[in-house]
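Student: Let us go through the labels one by one. I want each one argued from a value and a cut-off.

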Amino acid sequence: MAEQQEQAAADAMMTRIGQVAMLLHGGDREEARGRFLDLWTEIGEDGDALHRCTLAHYMADAQDDPSDELAWDLRALSAADTLTDGSTNGSTDARTDARLAEHQQSLAVRAFYPSLHLSLAVDYANLGRSEAARSHLRRARDTVGVLGDDAYGDGVRAGIGRLELRLDEEGPSGGAPEPAPEPAPGQTPGQGRGPGGETLGPPRQRP
């Protein structure tokens with residue numbers, strides 16, 4: 001019974017994060033930032049890694065300053081690493097796997113990484129840090145094989161391709177960063193619709 005209550009509380013937090021994500025993609029960025037910060041405080045810096053990864057990813061999308069966006073995307077990546085015990089082999093405990101299956105249509109944690117690294121690559125590119133952008137883009141490309149042949153995987157792969165072209169055009173020294181387009185509605189992290197109707201991928205931004 002205690003475990004079921006704990007599970008219900010965890011599910012409630014995912015739903016609350018998703019609700020704020022819907023507010024964000026509805027255009028109320030300032031309100032969404034405030035609510036995300038409240039939830040982040042409630043979760044805590046050392047709180048549930050799935051919650052932190054999901055919230056930080058969306059919080060990055062709510063930022064106006066590219067440096068702040070980068071900081072939140074780095075938090076999302078750090079939380080994902082915690083979910084996989086610091087590796088990308090997708091090993092998680094049974095309870096986490098059960099939650100991931102419910103909220104993300106059984107998409108393994110390792111499938112977070114292409115989108116997470118692509119988001120970071122876009123962040124660095126927008127800051128004019130081409131070498132860091134290329135490094136994360138390579139990591140996105142290296143991990144993209146875990147994605148399926150579906151709309152989610154196609155979106156991530158297309159984003160990688162667009163950013164590769166952009167960085168090639170800018171050259172090794174980089175160039176003036178292009179403004180990031182408005183984020184498009186998606187789904188909760190992974191493939192399939194979750195409680196908030198948003199996704200960790202395809203990438204929030206179009207490089």
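**Helix H6 and the core**

Student: Which residue follows H6, and what is the sign of its phi?

Tutor: Gly128 follows H6, and its phi is near 75°, hence positive. Keep in mind that this is a predicted model.

Student: What makes H6 "mostly covered"?

Tutor: The count of buried residues: 15 of the 15 in H6. Buried means under 20% relative accessible area.

Student: How do you know what span is expected for H6?

Tutor: The expected span is 1.5 Å times one less than the number of residues. H6 has 15 residues, and the expected value is 21 Å. From first C-alpha to last, H6 reaches 21 Å, close to that expectation.

Student: Which helix gives the most to the largest nonpolar core?

Tutor: That core has 47 residues, and Ile17, Phe36, Leu55 and Leu163 touch the most other members. H1, H2, H3, H4, H6, H7 and H8 each supply at least two residues. H6 gives the most, with 9.

Student: Why would such side chains be found together?

Tutor: In soluble globular proteins, nonpolar side chains tend to be buried together.

**Helices H3 and H4**

Student: Why is Thr54 called buried?

Tutor: Its relative accessible area is 2%. The cut-off is under 20%, so Thr54 qualifies as buried. Thr54 sits in helix H3.

Student: What does the side chain of Thr54 reach?

Tutor: The backbone oxygen of Leu50, at 2.8 Å. A polar contact needs N or O atoms within 3.5 Å, so the distance fits.

Student: Why is H3 called roughly antiparallel to H4?

Tutor: H3 and H4 pack at an angle of about 160°, with axes 8 Å apart. Angles over 145 degrees count as roughly antiparallel, so H3 gets that label against H4. The crossing of H3 past H4 is left-handed.

Student: What caps the N-terminal end of H4?

Tutor: Asp65 does: a side-chain oxygen lies 2.8 Å from the backbone nitrogen of Ser67.

Student: Which residues of H4 are buried?

Tutor: Among them are Leu70, Trp72, Leu77 and Leu83. Glu69 and Asp73 are also on the buried list. H4 has 18 residues and reaches 26 Å, close to the 26 Å expected.

**The whole chain**

Student: What makes up the secondary structure of the chain?

Tutor: There are 8 helices and 0 strands. The pattern along the sequence is α-α-α-α-α-α-α-α. Buried residues make up 51% of the 207 in the chain.

Terms used. Residues are numbered from 1 along each chain as its sequence is written. This is a predicted model: local features need pLDDT of at least 70, side-chain atom pairs count only at pLDDT 80 or more; totals for chains, interfaces and linings use all residues. Side-chain values use heavy atoms; hydrogens and water are left out. A nonpolar core is a set of buried Ala, Val, Leu, Ile, Met, Phe, Trp, Tyr and Cys residues joined through side-chain atoms within 4.5 Å. Buried means under 20% relative accessible area, exposed over 50%, partly exposed in between (1.4 Å probe, protein chains only). Helices (H or I, at least four residues) and strands (E, at least two) are DSSP runs, numbered from the N terminus. A polar contact is a pair of N or O atoms within 3.5 Å; within protein, one must be able to donate a hydrogen and the other to accept it, and residues adjacent in sequence count only if both atoms are side-chain atoms. Axes are lines fitted to C-alpha atoms, for helices over the stretch in contact, and angles run from 0 to 180 degrees between N-to-C directions. Angles under 35 degrees count as roughly parallel, over 145 as roughly antiparallel, 65 to 115 as roughly perpendicular and the rest as oblique. A crossing is left-handed if the near helix is turned anticlockwise from the far one by less than a right angle, and right-handed if clockwise.
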